[in-house]
Amino acid sequence: MTRAMATSPCRSITLFLILLWGSTILFLSSSAELQRFTHPAKTDGSLSLLAVGDWGRRGTYNQSQVAYQMGRIGEELDIDFVISVGDNFYESGLTGVNDTAFIESFSNIYTAKSLQKQWYSVLGNHDYRGNAVAQLDPVLQILDNRWLCMRSFMVDAEFAQFFFVDTTPFVEKYWTHPKDNHYDWREVAPREEYIKGVLEDLDSALKESMATWKIVIGHHTIRSVSDHGDTIELVNLLLPMLKAYGVDLYINGHDHCLEHIRSTDSPIQFLTSGGGSKAWRGIFTPTTEKLQFFHDGQGFISLHLTKTDAEGRIELQLQVKTDTKDLGYCKLGAILMWCVMETALRLNCKI
């Protein structure tokens, strides 16, 4: 299935969902708006990156195996940076800047040469259950210079702009019914005022954006068929803005799986990349949106973005590794599917 993206006739993107079966940045803006960083594209005018979420478990629950595959694919694609969509450290974030979980769950796990690139990270709900401010502390950048975590900010990568949104404060139940959890609302409370500021800053940034690709990143789902389902606060408060400004992709974690869902009433596509470690929850709830792909297991997403004179398209590539044998390949086009191995498969399709 091939279609031109509604917001631009001259761009292309390759999207990879990588499944596991059984740079230098420059600060640009003032504090009165979303903090901005610039990250140059490659000299050939392309940009490659990985996105992973819900990962920090000191290598357990297959986190190390996911990291290994990230390193392999990162080298293959010559990635420019990595995006973490939150829930960076389980079960309750970091206790402080000296918490050994930072080294044991991040620095000692993502050791591949290809992953020694800038990591742009947002906070998830589990991060807020610890010392959320610690993850934002520049001290961590001294411990590992790849790390950059902020509440809400944006990355300008020439023809693509990435807008990172702090979604945890949007979810009302964390405030009103936290159960036995303690949430670190320092620098956030009161909720209504904080959310208003985030939305105003995002609205201003999206309004000014002339980027070919507009990609928004947050921890929580907007659309999902898995455990947490749709996040109603984001559906009501964030989604209308994304539609109004022609956002192309919304990338999230929170549900521990991989998903690709297409909106039925706008060009936006929803990508869940929450398979960084613990997964396999066995929950599936049908959606009225267009579900393109669902994998209830570990994995991550890669994106390859270009701005070209060719017709814009999205290509989706899925890779499943079932054992230690070499990967086989199965390509899915508009009318063609073929496989050469029974033990593993790789899907490549135009959307």
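Start by selecting Trp55, Phe89, Phe102, Phe106, Tyr110, Trp119 and Trp147: together they make up one aromatic cluster. Keep in mind that what you have open is a predicted model. Across the whole structure there are 24 aromatic pairs, and we'll visit a couple of them here.

Next, narrow your selection to Phe89 and Phe102. Their ring centres are 6.0 Å apart and the planes meet at 45°, so this pair counts as tilted. Now colour by secondary structure and see where each one lives. Phe89 is in the loop between β5 (81-84) and α2 (101-107), while Phe102 belongs to helix α2, so the pair ties together parts that are 13 residues apart in sequence.

Switch on a surface if your viewer has one. Are these two rings buried or exposed? Phe89 has a relative accessible area of 0%, so call it buried. Phe102 is buried as well, with its relative accessibility at 0%.

Stay on Phe102 and add Phe106. Here's another tilted aromatic pair, with 5.5 Å from centre to centre and 45° between the planes. Look along helix α2: Phe102 and Phe106 are 4 residues apart there, so about one helical turn separates them. Phe106 is buried, just as Phe102 is.

While you're at Phe106, bring up Arg146. Its charged end sits over the Phe106 ring, 4.6 Å from the ring's centre.

For a last stop, pick Arg57 and Tyr90. What sits over the ring of Tyr90? That's the charged end of Arg57, 3.7 Å from the centre of the ring.

How values were computed
Residues numbered from 1 in each chain as written. Predicted model: local features only at pLDDT ≥ 70, side-chain atom pairs only at ≥ 80, totals over all residues. Heavy atoms only, no water. Phe/Tyr/Trp six-rings, centres within 6.5 Å; stacked < 30°, edge-to-face > 60°. Helix = DSSP H or I, 4+ residues; strand = E, 2+ residues; numbered from the N terminus. Buried < 20%, exposed > 50% of the residue type's maximum accessible area, 1.4 Å probe, protein only. Lys NZ or Arg CZ within 6 Å of the ring centre and 35° of its normal.
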